[in-house]
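User: I would like to learn how to read the features of a structure like this one, taking one idea at a time. Could you show me the model and then guide me through it?

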Amino acid sequence: MRLLLSAELLKLVKQSKTYYALGAILVIELLILITAYFQGSTILDLLLDNLKQSFYFEGTLLNGNLIMYIVLNALWFNVPLILMIVTSGIVTDEYKDGTMQTVMLQAVKKWKFILAKYIIAVLFTILVISFMMATTFMLAYSIFGSGDLVVYLNTLNFFESADAFHRICWAFASGAVSMVFYCVVSLTLAIFIKEAAKTWIAAALFLIINTLLLKVDFVIPAINSFFFPKLIDTWQQLFYYEIDWMQILINNALLLLYTLAFAAAGTFVFHKKDIG
Amino acid sequence: MLEGNNLSKSYSSGKALNNVSIHISPGQICGLLGRNGAGKTTLFKILCGLVKPDAGQVLVHSKRPKPVGGIIERPGLYNYLNAYDNLKIFAGIQGAPADKLSIEQILTKVGLPLDRKDPVRNFSLGMKQRLGIAIALINDPECLVLDEPFSGLDPIGVTSLIALIQNLAENENIAILLSSHMMAEISKCCHFLYVIEKGEIVNAGITNELINQHITYFSITAANLSGSPVLKPYSVEMGTNDAKVRCNAADVPALLGALLAEGVAVTACTPVLTLEELIKKAI
C-alpha cells in the first residue's frame, strides 16, 4: 500500500491540474478580497447603520475575520465543485489515457489500487482546505486586520475577535469533513461512470441536489437529522451563539461514516467490474 | 505457458467469443489474425485477466508474481511523465526493483534512449510501443500479450519491433501472443498462427504450413509480362510492374522455368496471401 500511495502522490505532484485547483482557490479568495476592499465598507454601513447607533463595535467590522467567514462560505458550492472535478480526474484520467488497463496488467491488487486513490484524494482535499485557510488568514489579516465578527444566521450574531478566530478555525476543520465527503463521492461516481465529462455533470448534479435537499423538510425527524444532505452544513453551527459541540461531533462522525460507505461501495464495484 | 480453453464471452451487442481455445508455449511467438471486430481484443483481455469470460478458463503455468504482461489496443502511459518516471511508477506499485540501474536496464532492453528526459507525449508511436513493452516486461512475466503492436508504425518501426519481439522469445524464452490484421507483418515473426472470425477460431497451424496450404496466387515481377504466351493458360491479373498469377505452389518452379526459357527476365516471385483467403478457405 505504501508503494501505491507514493506512486499516486508522484502522479498528483506531477500533474498540472493539481496546481490549477490551488490556483482556482486563490482566484476565489482574491476576488472576495478585492470586492471587500472596494465595496465592503459601504455594504456593511448600509446593513448595520441602525445597530451602530446603539452598540459599540471594537475595530472595523470589515476585518480579517469577516473576510475569512466570507471565504468559508465558498464551501457551499465553489470549493466542492473544484474538488469534485479534480478528484474524479484521479480515476477518469486513468481510464481515458489507458493507464488503468496498464496498471491492471501489473501485479497489483485492484482493491488496493483504488483504495490508494481514495486515500490520496482525501489527503489532497485536506491539503486544499489547509491551503485555503492559510492563504486566507495571511491575506485577510495582513490587509484588513482583526476585529469583531458579525454573522447573520436567523439573527445577527456578534463574536469578539479572539472568539471569532477560534470559531473560524473549527469551521474550517468541520468544513474539511464535508469536502472529504464530496471528494469521496466524486471518486465513486468516477468509478461508476468512467468518463470525465459525464462524471463532472453527475458530480455537479449531486452537489446541487444535496444543497437543495438541505432545505427540504422530510417530516421524519431521523431523516432530518441523519440523512447526509442534512449534515454537510455542520460547519455553520460554529457560528450560532451557543455552540452545541456534541451535535457537531455526531454530525461529523455520521458524515465520515457516509464517506466510508461511499468509498466501500466504490471499492467493491471497482473490484467486481471488468476493466476495458 | 499460456492456455485458454473453451472461452466464451457475450456483450449486449452480441457474442464476442464462442468456444475459443488457444495455447502458447515458452519461447513461441503465436499470431492471432483477424479482421477488426473479430474478437481479438476481447480474447486478449480475457487472457490478461482484465475481463472475466462467461465460460471457459485461462491457465497460466507460472509461479511468478506477474505471469502475463501485455499491451491491449495501445500502450497506456502517463503522458505527462518521462519514460523513466513511467517505469518507476509501474515498477514501484508492484514492488519490482525501481532503482536507477534496473530501470535503465529495461530501457536498454527495449532499445529506448537513456537520455530522453521529456514527457512521453513527445514520443513517436514506435517509442511508445517500446515503452509499453518495457512496462509489460517489468517483474519478468513468462508470457507477453501484444494487441496490434504494429498498428500505426512505419516500415522501419515494424522491422525494429519484430526484431525486439523475436529477441524476447529467443533469448528470454517468453511465450508471446500478438494480434494483427496485417498478414505480412505477422507471418514474418510468428511460429504459429490462429485465425479468428466472428469470435471463433476458424483456422490454425504452423505459420509456414498454413501459408503454403492457402496460397493460390503468386506475384511475378518482370518486364513484358503482358505478352507472354506462357501465362495464357493461367488466370492472371496484370499490374503496373507485376502479374498476379493463380496457380498451385508446386507449379511455380515449372512456370518460372518456362518464363525464363521464353526470355522473360523475372526479378521477383512472391506468394500472395490475404486474410480473406485464410478465413474463406477455413469456412
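Analyst: What follows goes from the overall form of one chain to the domains and a sheet of the other. This is a predicted model, in which local features need pLDDT of at least 70 and side-chain atom pairs count only at pLDDT 80 or more, while totals for chains, interfaces and linings use all residues. Residues are numbered from 1 along each chain as its sequence is written, and chains are lettered from A and ligands numbered from 1 in the order in which they are written.

User: How many helices and strands does the secondary structure of chain A come to?

Analyst: Helices (H or I, at least four residues) and strands (E, at least two) are DSSP runs, numbered from the N terminus. Chain A has 10 helices and 2 strands, and from the N terminus on they follow the order α-α-α-α-α-α-β-β-α-α-α-α.

User: Why is chain A said to be as compact as a globular protein of that length?

Analyst: The radius of gyration is taken over C-alpha atoms, and the globule rule is 2.2 Å times the number of residues to the power 0.38. For the 276 residues of chain A the rule gives 19 Å, and the radius of gyration is 21 Å, close to that value, so the chain is as compact as a globular protein of that length. Along the principal axes, the C-alpha atoms of chain A fill a box of roughly 70 × 45 × 30 Å.

User: Into which domains is chain B divided?

Analyst: Domain bounds come from an automatic or database domain assignment. In chain B, that gives domain 1 (2–212) and domain 2 (215–282), with 36 Å between their centres, taken over C-alpha atoms. Where they touch (residues are in contact if their C-beta atoms, placed from the backbone, lie within 7 Å), domain 1 of chain B gives 10 residues and domain 2 of chain B gives 9 residues. On the domain 1 side, the elements of chain B that give two or more residues are β8 (192–197), β9 (200–206) and α7 (207–214).

User: Which strands are the edge strands of the open sheet in chain B?

Analyst: Two strands pair if DSSP finds at least two bridges between them. The open sheet of 4 strands in chain B has the order β11-β12-β10-β13, with antiparallel pairing, and its edge strands are β11 (235–238) and β13 (266–272), each of which pairs on one side only. Within chain B, β10 (residues 217–222) and β12 (residues 242–246) pair in the antiparallel sense over 5 bridges, and B:Ile220 stands opposite B:Ala243 in β12(B).

Conventions:
Two residues are in contact if their C-beta atoms, placed from the backbone, lie within 7 Å.
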